[in-house]
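I opened this notebook to record what I looked up in one protein structure. My entries go from the whole chain to pairs of helices and then to single residues.

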Amino acid sequence: MESECIYNLLQLPANIKPQAVEDLAQGEKKKYLQPASRKNPKFEELQKVLMEWINSTLFREHIVVQNLEEDLFDGLVLHHLLQKLSSVTLEVEEIALTASNQKRKLAIVLEALHQCLQLEESSAKWNVESIFNKDLLPTLHLLVAMAKHFQPDLPLPANVQVEVVTVESTKNGLKSEKFVEQITDCNTNSNQQSKVDVFDELFKLAPEKVNAVKEAIIKFVNKKMERLGLSVQNLDTQFTDGVILILLIGQLEGYFLHLKEFFLTPSSPAEMLHNVNLAMDLLKEGDLLNYPVNPEDITNGDIKATLRVLYSLFSKHKMLETPEETKTEAGH
């Protein structure tokens, strides 16, 4: 038994301080990142991409993140990031000075984030304690989840894996176990890029065909929206507030959305973004989003982003039309 405990201790990663191990209460388990994994080029690249994403997103707020472990633990950056990426407004103090206030603010921010991600707290790979304790691995899982939800076209390095060690304090001593933990998907970039290229190539190599694509999609949209007394003439402008997009998804997928869930006449960029985020969530839930799209691109009138979303709906529902519907449309 004694030799087993000594063997387990020898398996601990070199960067674990003795006092950290001794602090484990009986039955408590902690996870530690292996030092070699920190030097993995893909792991370093992931941190760089996420920091650049945060800093570019929060540029107007004059917030600069230089270290993911040290700069996110108190909830301030995560609060600003969540507000910027979604329509969520939280009643929390801007700057929390004491540890208890910082942890309370972080808890509120994470609760709101879990609602946006439609994620149960128990299934998240992070929690208040791990983020507040500046644990890099849970922090990365959190940021990757945010990026995949709010900006699915962010070029995260694919198949990022790290080696970790779990240390558990038992009545017989310390027990450790090594395993590999996945942070990003194997196909994070490849599948997305191939899909994005369809429209990139259309705009680059065949711009004369763009109007034909627009006309086909407008015809499709108007056919589906006529029962609501709505029509679309301009794809560049009429989808920026998310209203027609939400109603179109409802018509095609049989959704009934209560008016309290979205803004029928949005009067601010935040309300427009709320609508578009809701539409993106509906598309993802129905596995209808064939192309990665940033919701802010829609509200900013990016025609490629708008076409990607509409083509996802067009490609599914046009194929589902019956021969009689197609003949009627051709005759009409």
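The entries below follow the order in which I consulted the structure.

**Entry 1. The whole protein**

I noted at the outset that this is a predicted model. I then looked up the secondary structure, which comes to 16 helices and three strands. The protein has 332 residues, and I found that buried residues make up 46% of them. For the surface, I recorded an exposed area of about 18100 Å², of which carbon and sulfur atoms supply 52%. I also looked at contacts between residues at least 6 apart in sequence; 61% of these join residues at least 24 apart.

**Entry 2. How I describe a helix pair**

Two packed helices are described by the angle between their axes and the distance between the axes. I looked up both values for each pair that follows.

**Entry 3. Helices α4 and α9**

At what angle do α4 and α9 pack? I found an angle of about 55 degrees between α4, which covers residues 41-57, and α9, with the axes 11 Å apart. The two helices are therefore oblique to each other. Their crossing is left-handed. On the α4 side, the contact is made by Phe43, Leu46, Gln47, Leu50, Trp53 and Ile54. On the α9 side, I listed Leu136, Leu140, Leu143, Val144, Met146 and Ala147. By class, I recorded 11 nonpolar residues, one polar and no charged in this contact.

**Entry 4. Helices α7 and α9**

I next took the pair formed by α7 (residues 99-117) and α9 (residues 136-150). These helices pack at about 40 degrees, and their axes are 11 Å apart. I therefore entered α7 and α9 as oblique to each other. The crossing of this pair is left-handed. From α7, the residues in the contact are Leu110, Leu113, Cys116 and Leu117. From α9, they are Leu142, Ala145, Met146, His149 and Phe150. I recorded eight nonpolar residues, one polar and no charged for the contact of α7 with α9. Met146 of α9 is listed in the contact with α4 and also in the contact with α7.

**Entry 5. Helices α12 and α13**

How do the axes of α12 and α13 cross? The axis of α12 (residues 243-253) comes within 8 Å of the axis of α13 (residues 269-285), and the crossing angle is roughly 25 degrees. Angles under 35 degrees count as roughly parallel, so α12 is roughly parallel to α13. I recorded a left-handed crossing for this pair. Val243, Leu245, Ile246 and Ile249 of α12 take part in the contact. Their partners in α13 are Asn275, Leu278, Ala279, Met280, Leu282 and Leu283. The residues of this contact divide into nine nonpolar, one polar and no charged.

I then looked at α12 by itself. Is α12 mostly covered or mostly uncovered? The helix is mostly covered, since eight of its 11 residues are buried. The buried residues are Val243, Ile244, Leu245, Ile246, Leu248, Ile249, Gly250 and Leu252. After α12 comes Gly254, which has a positive phi near 75 degrees.

**Entry 6. His79 and Ile108**

I located His79 in helix α6, residues 76-85. Is His79 buried or exposed? Its relative accessibility is 3%, and buried means under 20%, so His79 counts as buried. Setting aside residues up to four places away in sequence, I found that His79 touches Leu90, Val92, Lys105 and Val109.

Ile108 lies in helix α7. Its relative accessible area is 32%, so I entered Ile108 as partly exposed. Beyond its neighbours within four places in sequence, Ile108 is in contact with Leu90 and Val92. Both Leu90 and Val92 were also on my list for His79. I looked up one distance as well: the C-alpha atoms of Ile108 and Val128 are separated by 9.5 Å, and these residues are 20 apart along the chain.

**Entry 7. Two loop residues with positive phi**

Lys134 is in the loop between α8 (128-132) and α9. Its phi is near 60 degrees, a positive value in a residue other than glycine. With a relative accessible area of 29%, Lys134 is partly exposed.

Where is Asn159 found? I located Asn159 in the loop between α9 and β2 (161-170). Asn159 is a residue other than glycine with a positive phi, near 55 degrees. I recorded Asn159 as partly exposed because its relative accessibility is 27%.

Key. Residues are numbered from 1 along each chain as its sequence is written. This is a predicted model: local features need pLDDT of at least 70, side-chain atom pairs count only at pLDDT 80 or more; totals for chains, interfaces and linings use all residues. Side-chain values use heavy atoms; hydrogens and water are left out. Axes are lines fitted to C-alpha atoms, for helices over the stretch in contact, and angles run from 0 to 180 degrees between N-to-C directions. Helices (H or I, at least four residues) and strands (E, at least two) are DSSP runs, numbered from the N terminus. Angles under 35 degrees count as roughly parallel, over 145 as roughly antiparallel, 65 to 115 as roughly perpendicular and the rest as oblique. A crossing is left-handed if the near helix is turned anticlockwise from the far one by less than a right angle, and right-handed if clockwise. Contact means heavy atoms within 4.5 Å. Ala, Val, Leu, Ile, Met, Phe, Trp, Tyr, Cys and Pro count as nonpolar, Asp, Glu, Lys and Arg as charged, and the others, Gly among them, as polar. Buried means under 20% relative accessible area, exposed over 50%, partly exposed in between (1.4 Å probe, protein chains only). Accessible areas come from the Shrake-Rupley method with a 1.4 Å probe; for residues, only the protein chains shown count as cover.
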